[in-house]
Amino acid sequence: MALLKNKYTKRVLNLALILFLFIGVIASVLDVRASWMGPEYMIKLDDKGDQTRLAITFRNSREVGFYSTDGFRLLGKVQLDGTPTGITSTTGGQFVIVTQNAPDKILVIDPTQFKIVRQTEAQSGVCAPVFDAERDMIYVCNRWPHSVSAYKMDTLDSVWTTQVLREPSSAVLDTKRG
């Protein structure tokens, strides 16, 4: 507390606070996304040939970016109408599956054309997509209704939903235990 008694220290702290608030207001007015906060989800796409790519979503963004292996060169991106909450890909990276909130959806993206090819509405708080061993079913967690759902990969039709104990937010498919 002795540090705050110095009038110059108080002025510097006040100026830093004002500057921080000013930058925050300008960023929100200009709709600047906070992608500088780092990646939220990142997966490696196994492409055919020598080129391997990454699919990356950033915190507070509404897009999926496709990057070169080193993560520096943007190859393309897909705009979403909600915040991504999970990402996975089919074997070989043919499709990327993204869950998003507000609105809650499951999206299938073609990473070569950078466009959404299928989508369906999902339950509230949908996140953490995972495939079954055959890769023909997608399992997702639904945080707010406290459930897990299964969808057919080819049509995105809901197959079943089951209640779980409390707010599932991540999933691992255990093929050994069934």
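**Exercise 1. Is Glu167 buried, partly exposed or exposed, and which side chain does it meet in a salt bridge?**

Step 1. Start with accessibility: Glu167 has a relative accessible area of 28%, so it is partly exposed. The cut-offs are under 20% for buried, over 50% for exposed and in between for partly exposed, with a 1.4 Å probe and protein chains only.

Step 2. Now look for its partner. The side chain of Glu167 forms a salt bridge with that of Arg143, at 3.4 Å from N to O. Here a salt bridge is a side-chain nitrogen of Lys or Arg within 4 Å of a carboxyl oxygen of Asp or Glu.

Step 3. Place both residues. Glu167 sits in the segment after strand S12 (158–163), and Arg143 in the loop between strand S10 (137–142) and strand S11 (147–152), so the pair ties together parts 24 residues apart in sequence. Strands are DSSP runs of E with at least two residues, numbered from the N terminus.

Step 4. Check the partner too: Arg143 counts as partly exposed, at 28% relative accessibility.

A word on the source: this is a predicted model, in which local features need pLDDT of at least 70 and side-chain atom pairs count only at pLDDT 80 or more, while totals for chains, interfaces and linings use all residues. Residues are numbered from 1 along each chain as its sequence is written, and side-chain values use heavy atoms, with hydrogens and water left out.

**Exercise 2. How many salt bridges does a search of the whole structure find, and where do Lys105 and Lys77 come in?**

Step 1. The search finds three.

Step 2. One of them joins the side chains of Lys105 and Asp81, at 2.9 Å from N to O. Lys105 belongs to strand S7 and Asp81 to the loop between S4 and strand S5 (83–89), so this pair connects parts 24 residues apart in sequence. Lys105 is buried, at 16% relative accessible area, whereas Asp81 is partly exposed at 36%.

Step 3. Glu63 and Lys77 also meet through their side chains, at 3.8 Å from N to O. Glu63 is in strand S3 (residues 63–68) and Lys77 in strand S4 (residues 74–79), 14 residues apart. Lys77 is partly exposed, with 42% relative accessibility.

**Exercise 3. Where does Thr112 lie, and which side chain does it contact?**

Step 1. Find Thr112 in the loop between strand S7 (105–110) and strand S8 (115–121). At 55% relative accessibility, Thr112 is exposed.

Step 2. Its side chain makes a polar contact of 2.6 Å with that of Asp110. Such a contact is a pair of N or O atoms within 3.5 Å; within protein, one must be able to donate a hydrogen and the other to accept it, and residues adjacent in sequence count only if both atoms are side-chain atoms.

Methods:
Helix = DSSP H or I, 4+ residues; strand = E, 2+ residues; numbered from the N terminus.
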